[in-house]
Amino acid sequence: MSIIVDSISKLYGEQKALDEVSFTVKPGQVIGFLGPNGAGKSTMMKIISCFIPQSSGTVTVNGYDVSSQSLEVRRMVGYLPEHNPLYTDMYVKEFLEFVGRIQMSKADAIQSTKRMIEITGLGVEQHKKIGALSKGFRQRVGLAQAMIHNPEVLILDEPTTGLDPNQLVEIRSLIRNIGKEKTVILSTHIMQEVEAICDRVLIINKGKIVADDSTSVLRKQLDVGNVILVEFDKEVNEVQLSRIKGVFGLKKEKDGRWRIESASDTDIRQELFKFAVDHQLTVMALQKEEGNLESVFRQLTVDK
């Protein structure tokens, strides 16, 4: 049963943030919820979490309606918003017990706090003030407070924003483990994150769902083209490179390589070698990539 979203629309004045959005999430799934800034992701997550009401349509969580049975829904949902709201003057353990006491007895709150500290790896930091923690550990505290009441559904709005590479790995691993027991909706702009931990992808654009499937199926269904990564021994004129037959997109990466896109039925590698010879260049490296989730995302959300 888990989550059923049926024809949800949300209006802010004359602006329509969500437009007849419908989808279902089964128990135990980890869903990647993707979309450009302003597409309606956070609005949808806030509606499911009972933070704001919809303008029309219905949402149920395990059979309970978010409008008429919001208290029951809130008992089942853990929500970590994009801007992690924490009391920075409180100690980690103190804060988690405080949040727990809002929803359960003192004894249960103490027991649940111990469990969350263990699950999220906050043992070493539990006696520090939240304001003294790194961004990574603050995110762990946010996850712990979202799960303190052992919800069946966990909604995470960009939980890894601003984390360093080591913190990213740790938080992703934590979310992956949580997803073995709970239904998780994860909003993020990091495509590798979705491919690494999500069972299914929902892509929203301008308030409408434009894709709903696994990453592998989406790549097959959409012509995401070919991507060639090439490195030359000298600087290359971008205009000249763009004129190679079959090229419809290119970008210079930070490491100096060129990322070149072409149609899926076009192999431009031979043309690249010819280009190098004509301009007295040496090809230092050349790699062909399969279409990835980033390519799918751009194809579905970039205005033509």
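**Exercise 1. The antiparallel sheet**

Task: State which strands form the open sheet with antiparallel pairing, and which of them stand at the edges.

Solution. In this predicted model, 4 strands make up an open sheet with antiparallel pairing, and their order is 2-1-4-5. Strand 2 (15-25) and strand 5 (64-65) each have a single partner strand, so they are the edges, and one side of each has no neighbour in the sheet. Next take the pairing of strand 1 (residues 3-12) with strand 4 (residues 56-61): they run antiparallel and are joined by 5 bridges. One position to locate in the structure is Ile4, which lies opposite Thr60 in strand 4.

**Exercise 2. Strand 8 and its partners**

Task: Decide whether strand 8 (residues 183-187) is enclosed or open, and find the strands that pair with it.

Solution. Start with burial, for which the cut-off is under 20% relative accessible area. In strand 8, 5 of the 5 residues are buried, so the strand is largely enclosed by the rest of the structure. Then sort the residues by face: Thr183, Ile185 and Ser187 lie on one side, Val184 and Leu186 on the other, and both faces are covered.

Now look for partners. Strand 3 (residues 30-34) pairs with strand 8 in the parallel sense over 4 bridges, and Gly32 is opposite Leu186. Strand 7 also runs parallel to strand 8, with 5 bridges between them; here Ile155 has Ile185 as its bridge partner.

**Exercise 3. Strand 6**

Task: Work out which way the residues of strand 6 (residues 77-80) point, and how the strand pairs with strand 7.

Solution. Val77 and Tyr79 point one way, while Gly78 and Leu80 point the other way. All four positions named are buried. The pairing of strand 6 with strand 7 (residues 153-157) is parallel and has 4 bridges. Within this pair, Val77 faces Val153.

**Exercise 4. Helix 5**

Task: Compare the span of helix 5 (residues 135-147) with the expected value, then establish how far the helix is covered and by what.

Solution. Helix 5 has 13 residues, and from first C-alpha to last it reaches 19 Å, close to the 18 Å expected at 1.5 Å a residue. Of its 13 residues, 10 are buried, making the helix mostly covered. The buried residues include Gly136, Gln139 and Arg140, and the run continues from Val141 through Gly142, Leu143, Ala144, Gln145 and Ala146 to Met147. The cover over these buried residues includes strand 6 and strand 7, together with helix 3, helix 4 (106-119) and helix 6.

**Exercise 5. Two helix residues**

Task: Classify Phe98 and Arg172 as buried, partly exposed or exposed, and describe the surroundings of each.

Solution. Take Phe98 in helix 3 (residues 92-103). Its relative accessible area is 38%. Buried requires under 20% and exposed over 50%, so Phe98 is partly exposed. Phe98 belongs to a nonpolar surface patch with Tyr87 and Ile102, and together they have about 340 Å² of accessible area.

Turn to Arg172, located in helix 6 (residues 165-178). With a relative accessible area of 16%, Arg172 is buried. Setting aside neighbours within four places in sequence, the contacts of Arg172 are Ile190, Glu193 and Ile197. A further check uses Val194: Arg172 and Val194 are 22 residues apart in sequence, and their C-alpha atoms are 9.6 Å apart in space.

Terms used: Residues numbered from 1 in each chain as written. Predicted model: local features only at pLDDT ≥ 70, side-chain atom pairs only at ≥ 80, totals over all residues. Heavy atoms only, no water. Patch = residues over 30% accessible without salt bridge, like charges linked within 9 Å, V, L, I, M, F, W, Y side chains within 5 Å. Areas by Shrake-Rupley, 256 points an atom, 1.4 Å probe, with all protein chains shown as cover. Salt bridge = Lys/Arg side-chain N within 4 Å of Asp/Glu carboxyl O. Helix = DSSP H or I, 4+ residues; strand = E, 2+ residues; numbered from the N terminus. Buried < 20%, exposed > 50% of the residue type's maximum accessible area, 1.4 Å probe, protein only. Contact = heavy atoms within 4.5 Å. Pairing = 2+ DSSP bridges. Expected span 1.5 Å × (residues − 1).
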